[in-house]
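Reader: I would like a close look at one part of this protein, the open sheet and whatever packs on it. Please explain the terms as you go.

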Amino acid sequence: MNLFYLLKPKASVTYLNKTDTVRQGLEKMQAEGFTSIPVIDDNGEYIGTVSEGDFLRHILDYNINRENSLDDYHIIDIVNEERNRPVKNNVSMDDLLLEVMDQNFVPVIDDRNIFIGIVTRKAVIKYFYDKEKR
């Protein structure tokens, strides 16, 4: 089996663009109810992930208030490029399991570093559970 059976495609994934403002990112995160969201650039390349903690640290570090607006900063200013390391679309299921142990979702990219979707921890656990039950 390959990861495409587990893939949640980009079209059904909530993500942010690096040029979105911090306000837009917070609004999308609040509306969707997620604690972290993938970030891509204008070409569709995966940049990293932004979390609630990243937003909070940014607000506290820059003493954001009415005079210092969330619209003055962009997602690229707060994205964590080390969190949620992506995997290539040809990754083995065993390697995918190792990645998902450390993160709630794994971003999936193609050979051009284009973001094509995510695989959730839940989907990977279910795959290995079902495999064991056979």
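Author: The answer starts with the whole chain, turns to the sheet strand by strand, and ends with two single residues.

This is a predicted model, in which local features need pLDDT of at least 70 and side-chain atom pairs count only at pLDDT 80 or more, while totals for chains, interfaces and linings use all residues. Residues are numbered from 1 along each chain as its sequence is written, and side-chain values use heavy atoms, with hydrogens and water left out.

The protein chain has four helices and seven strands. Helices (H or I, at least four residues) and strands (E, at least two) are DSSP runs, numbered from the N terminus. Along the sequence their pattern reads β-β-α-β-β-α-β-α-β-β-α. The C-alpha trace spans about 60 × 30 × 25 Å along its principal axes. Of the 134 residues, 43% count as buried; buried means under 20% relative accessible area, exposed over 50%, and partly exposed in between, with a 1.4 Å probe and protein chains only.

Now the sheet. The open sheet has four strands in the order E1-E7-E6-E5, and its pairing is mixed. Strand E1 (8-9) and strand E5 (87-88) stand at the edges with a single partner strand each, so one side of each has no neighbour in the sheet. Two strands pair if DSSP finds at least two bridges between them.

E1 pairs with strand E7 (residues 115-120) in the antiparallel sense, over two bridges. In these, lysine 8 has isoleucine 118 of E7 as its bridge partner, and proline 9 has glycine 117. Glycine 117 also stands opposite valine 108. E6 and E7 are likewise antiparallel, and five bridges join them. The hairpin of E6 and E7 has five residues between the strands, and asparagine 113 there takes a positive phi near 70°.

Two helices come next. Helix H4 (residues 121-133) lies across E6 and E7, and runs at about 60° to E7. Such angles run from 0 to 180 degrees between N-to-C directions, with axes that are lines fitted to C-alpha atoms, for helices over the stretch in contact. E1 and E7, as said, pair over two bridges. Helix H3 (residues 93-100) packs on the sheet and touches E5, strand E6 (105-109) and E7, its direction making about 130° with that of E6. Contact means heavy atoms within 4.5 Å.

Contacts can also be described for the chain as a whole. Of the contacts with a separation of 6 or more, 53% are between residues 24 or more positions apart.

Two single residues show what such contacts look like. Serine 36 lies in strand E3 (residues 36-40). Is serine 36 a buried or an exposed residue? Serine 36 counts as buried because its relative accessibility is 16%. Leaving aside neighbours within four places in sequence, serine 36 is in contact with Met29, Thr49, Val50, Ser51 and Phe105.

Threonine 21 sits in the loop between strand E2 (16-17) and helix H1 (22-32). Threonine 21 is buried too, with a relative accessible area of 13%. Not counting residues up to four places away in sequence, threonine 21 touches Leu70, Asp71, Tyr73, His74 and Ile75.
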